[in-house]
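Q: I am new to this structure and would like a close look at a single part of it. Could you take me through one helix and the partners that pack against it, and set that part within the whole chain?

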Amino acid sequence: MDSAQHLHGFVLALLVVSLSALLVRAAPIVEFSGDDSSGSSRTIPLSTNWESLAEWLHSEVLKLRDQQFRDVFHLPVNNSSFSLYTIKLPQITVADGCLSFEFKKEHCLRTIAMGLQEYLEYMDYVKDSYTSGKDDVEKVRHTIQNLSADVFQRMKNPKSFTKLEINTKDILSHSSDSEWGQAVNVHLILREFTNFMEKTYLAIRNINERKSRKIIFV
């Protein structure tokens with residue numbers, strides 16, 4: 001009888017731990033909507049799981065990129081199909097200090113924050129052009145806002161960050177007036193954002209690992 005009670009208690013404990021982990025992973029993050037018109041500053045709670053959020057965003061954008069390719073071009077996914085088409089969108093490089101030995105946390109966070117803000121603008125173009133995937137695009141867009149707010153709050157001097165004013169037409173020059181041109185532009189945006197989020201996830205993981213090592217050796 002005692003062994004059965006112990007087993008029952010052990011199973012309940014496992015369920016509680018598993019449920020807690022799921023709740024942490026799925027915990028909502030406060031949305032950041034830009035400047036407060038009242039002039040007062042708002043403190044946005046930091047996510048305890050921004051690494052998982054970045055990983056989810058990378059995975060979703062990757063799936064969205066491949067789905068758009070199949071839906072619009074009616075071809076098996078082949079990322080080299082438009083390799084000759086280029087578009088100048090944010091990317092994380094060695095100089096940003098996110099992944100190299102010359103780690104520069106503040107510079108890295110600023111690069112990620114600025115990149116997310118710029119891609120957020122382009123998601124509006126993606127949603128308008130790729131109408132069959134607008135629901136998925138909106139989920140991605142909302143998650144970008146959440147992650148952007150989180151990264152923004154981790155900066156030492158977030159007030160120095162200036163919101164970008166972007167005219168997408170200046171960059172999207174692949175005959176964006178035609179349906180084909182719009183489809184190509186959407187693919188390029190999703191392709192570049194997939195690459196950006198892959199590096200962003202690695203950068204956030206690097207920051208977390210450095211923080212963990214620092215705590216261990218203190």
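A: The protein chain in this predicted model has six helices and zero strands, so it is best to begin with the order of these elements, which from the N terminus on reads α-α-α-α-α-α. Of the 218 residues in the protein chain, 38% are buried. Among contacts between residues at least 6 apart in sequence, 78% join residues at least 24 apart. The part chosen here is helix α4, which spans residues 134-154, together with the two helices it meets below.

The partner to take up now is helix α3, made of residues 105-129. The axes of α3 and α4 come within 9 Å and cross at roughly 160 degrees, and the two helices are therefore roughly antiparallel to each other, an angle over 145 degrees being what that description requires. The crossing in which α3 passes α4 is left-handed. On the α3 side the contact is made by Leu-109, Ile-112, Ala-113, Leu-116, Gln-117, Leu-120, Met-123, Asp-124, Val-126 and Lys-127, while α4 contributes Lys-134, Val-137, Glu-138, Val-140, Arg-141, Ile-144, Gln-145, Leu-147, Ser-148, Val-151 and Arg-154. Sorted by class, the contact of α3 with α4 holds 12 nonpolar, three polar and six charged residues.

One residue of this contact can be followed individually. Ser-148 lies in helix α4, and with a relative accessibility of 2% Ser-148 counts as buried, since the cut-off for that class is under 20%. Leaving aside neighbours within four places in sequence, Ser-148 is in contact with Ala-113, Leu-116 and Gln-117, and these three residues are listed on the α3 side of the contact. Leu-109, also listed there, is 39 residues away from Ser-148 in sequence, and their C-alpha atoms are 9.8 Å apart in space.

Helix α2, residues 50-73, also meets α4, their axes coming within 10 Å and crossing at roughly 150 degrees. By that angle α2 and α4 are therefore roughly antiparallel to each other, and α2 passes α4 in a left-handed crossing. From α2 the contact takes in Trp-50, Leu-53, Ala-54, Trp-56, Leu-57, Glu-60, Val-61 and Leu-64, and from α4 it takes in Asp-136, Val-137, Lys-139, Val-140, Thr-143, Ile-144, Asn-146, Leu-147, Asp-150, Val-151 and Arg-154. The residues of the contact of α2 with α4 divide into 12 nonpolar, two polar and five charged. Val-137, Val-140, Ile-144, Leu-147, Val-151 and Arg-154 of α4 appear in the contact with α2 and also in the contact with α3.

Between α2 and α3 the chain runs through a loop, and His-74 has its place there. Phi of His-74 is near 55 degrees, a positive value in a residue other than glycine. With a relative accessible area of 65%, His-74 is exposed, whereas Ser-148 in the helix described above is buried.

Outside these three helices, Glu-192 offers a view of helix α6, residues 179-217, in which it lies. Glu-192 is a charged residue by class, and yet at 11% relative accessibility it counts as buried. Its side chain makes a polar contact, at 3.0 Å, with the side chain of Arg-191. Not counting residues up to four places away in sequence, Glu-192 touches Ile-87, Leu-89, Gln-91 and Tyr-119.

Methods. Residues are numbered from 1 along each chain as its sequence is written. This is a predicted model: local features need pLDDT of at least 70, side-chain atom pairs count only at pLDDT 80 or more; totals for chains, interfaces and linings use all residues. Side-chain values use heavy atoms; hydrogens and water are left out. Axes are lines fitted to C-alpha atoms, for helices over the stretch in contact, and angles run from 0 to 180 degrees between N-to-C directions. Helices (H or I, at least four residues) and strands (E, at least two) are DSSP runs, numbered from the N terminus. Angles under 35 degrees count as roughly parallel, over 145 as roughly antiparallel, 65 to 115 as roughly perpendicular and the rest as oblique. A crossing is left-handed if the near helix is turned anticlockwise from the far one by less than a right angle, and right-handed if clockwise. Contact means heavy atoms within 4.5 Å. Buried means under 20% relative accessible area, exposed over 50%, partly exposed in between (1.4 Å probe, protein chains only). A polar contact is a pair of N or O atoms within 3.5 Å; within protein, one must be able to donate a hydrogen and the other to accept it, and residues adjacent in sequence count only if both atoms are side-chain atoms.
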